[in-house]
Amino acid sequence: MNQSAPSVDYPVGRFFWSAWMALGFSLLSMLSLAFYFWFGWIEGWPLAWLSGAWFLLSLYAVVSFKQLSPKAWLCWTGHAWEVQLMLTAPSQVEHAISVHLDFQNYFLVSLSNPHSARQWFWVSRKAFPERWHGFRCAVYSRSERISF
């Protein structure tokens, strides 16, 4: 008998580790640029390359933070996963979920389908403690899984 977990909606935040890494590398390159420039150890092409690297990393970090999507809901319909961004209609696109990290109170999950890029989400028990058990049951439900 193949039973499915009941439907559940759970609030999630987007996982944007790459934006924080770009910001960190941007700050590191700015500090090294200031250090070498202060002591006069860099000039000419190396100064131009380091300045360009700092500018591009800073630009990437700003763009990454601006492109972060608003809070969303992961919706388990009983058969498939869907993503619903705040103030929009559900996507109606079925996704397969993968758990990458499970810390009991936190998940790092990704949703994938054949028509779009993988979407990463950081899920916290604090977001909706009353639905946490149902959400965990839905994530680990083995029924009618879609795999891509």
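## A walk through the fold, starting at a hairpin

In the hairpin that β2 and β3 make, 4 residues sit between the strands, and one residue to look at there is Gly 78, with a positive phi near 105°. Keep in mind as you look that this is a predicted model. The two strands of this hairpin run antiparallel and pair over 5 bridges. If you want a landmark in the pairing, find Cys 75, which stands opposite Glu 82 in β3.

Now zoom out. The chain has 3 helices and 6 strands, and going along the sequence you meet them in the order β-α-α-β-β-β-β-β-α. Of the 148 residues in the chain, 30% are buried.

A second hairpin comes later on. Here β5 and β6 are the partners, with 2 residues between them. Strand β5 covers residues 106–113 and strand β6 covers residues 116–124, and their antiparallel pairing runs over 7 bridges. A handy cross-strand pair to click on is Val 109, which stands opposite Phe 121 in β6. As a rule of thumb, side chains in a regular strand alternate between the two faces of the sheet.

Phe 121 also turns up in the next stop, the nonpolar core. The largest core has 19 residues, and the ones touching the most other members are Leu 74, Trp 81, Phe 121, Val 123 and Phe 135. Which elements give two or more residues to this core? They are β1 (8–14), β2 (72–76), β3 (81–85), β5, β6 and α3, so both hairpins we have visited feed into it. The largest share comes from α3, with 4 residues. That fits a general habit: in soluble globular proteins, nonpolar side chains tend to be buried together.

Helix α3 has another job for your eye, since it holds one end of a salt bridge. How many salt bridges does a search of the whole structure find? There is 1. The side chains of Arg 136 and Asp 102 meet there, at 3.0 Å from N to O. Arg 136 lies in helix α3 (residues 132–139) and Asp 102 in strand β4 (residues 96–102), so the contact ties together parts that are 34 residues apart in sequence. Are the two partners buried or partly exposed? Arg 136 has a relative accessible area of 18%, so it counts as buried, because the cut-off for buried is under 20%. Asp 102, at 27% relative accessibility, is partly exposed.

Just past Asp 102 there is a backbone detail worth a click. Gln 104 sits in the loop between β4 and β5, and it has a positive phi of about 70° although it is not a glycine. Another loop to visit is the one between β6 and α3, where you will find Ala 127. Ala 127 is partly exposed, at 38% relative accessibility. Its C-alpha atom is 9.3 Å from that of Gly 13, even though the two residues are 114 apart along the chain.

What about the cysteines? A disulfide is a covalent bond between the sulfur atoms of two cysteines, and this structure holds 0 of them. Cys 75, the residue we met in the first hairpin, is buried at 6% relative accessibility. Cys 137 is partly exposed, at 33%.

That leaves the two helices α1 and α2. On the surface, Trp 20, Leu 23, Leu 27, Met 30, Leu 31, Trp 54, Phe 55, Leu 56, Leu 59 and Val 63 form a nonpolar patch with about 940 Å² of accessible area together. Where does the patch come from? Both α1 (17–38) and α2 (45–66) supply at least two of its residues. Take Leu 27 as a sample member: it is found in helix α1, and at 43% relative accessibility it counts as partly exposed. A polar residue of α1 to look at is Ser 32, which is partly exposed too, with a relative accessible area of 23%. Ser 32 and Leu 50 are 18 residues apart in sequence, and their C-alpha atoms are 8.6 Å apart in space.

Terms used
Residues are numbered from 1 along each chain as its sequence is written. This is a predicted model: local features need pLDDT of at least 70, side-chain atom pairs count only at pLDDT 80 or more; totals for chains, interfaces and linings use all residues. Side-chain values use heavy atoms; hydrogens and water are left out. Patches are made of residues with over 30% relative accessible area and no salt bridge: like charges are joined within 9 Å, nonpolar side chains (Val, Leu, Ile, Met, Phe, Trp, Tyr) within 5 Å. Accessible areas come from the Shrake-Rupley method with a 1.4 Å probe; for residues, only the protein chains shown count as cover. A salt bridge is a side-chain nitrogen of Lys or Arg within 4 Å of a carboxyl oxygen of Asp or Glu. Buried means under 20% relative accessible area, exposed over 50%, partly exposed in between (1.4 Å probe, protein chains only). Two strands pair if DSSP finds at least two bridges between them. A disulfide is a pair of cysteine sulfur atoms within 2.5 Å. A nonpolar core is a set of buried Ala, Val, Leu, Ile, Met, Phe, Trp, Tyr and Cys residues joined through side-chain atoms within 4.5 Å.
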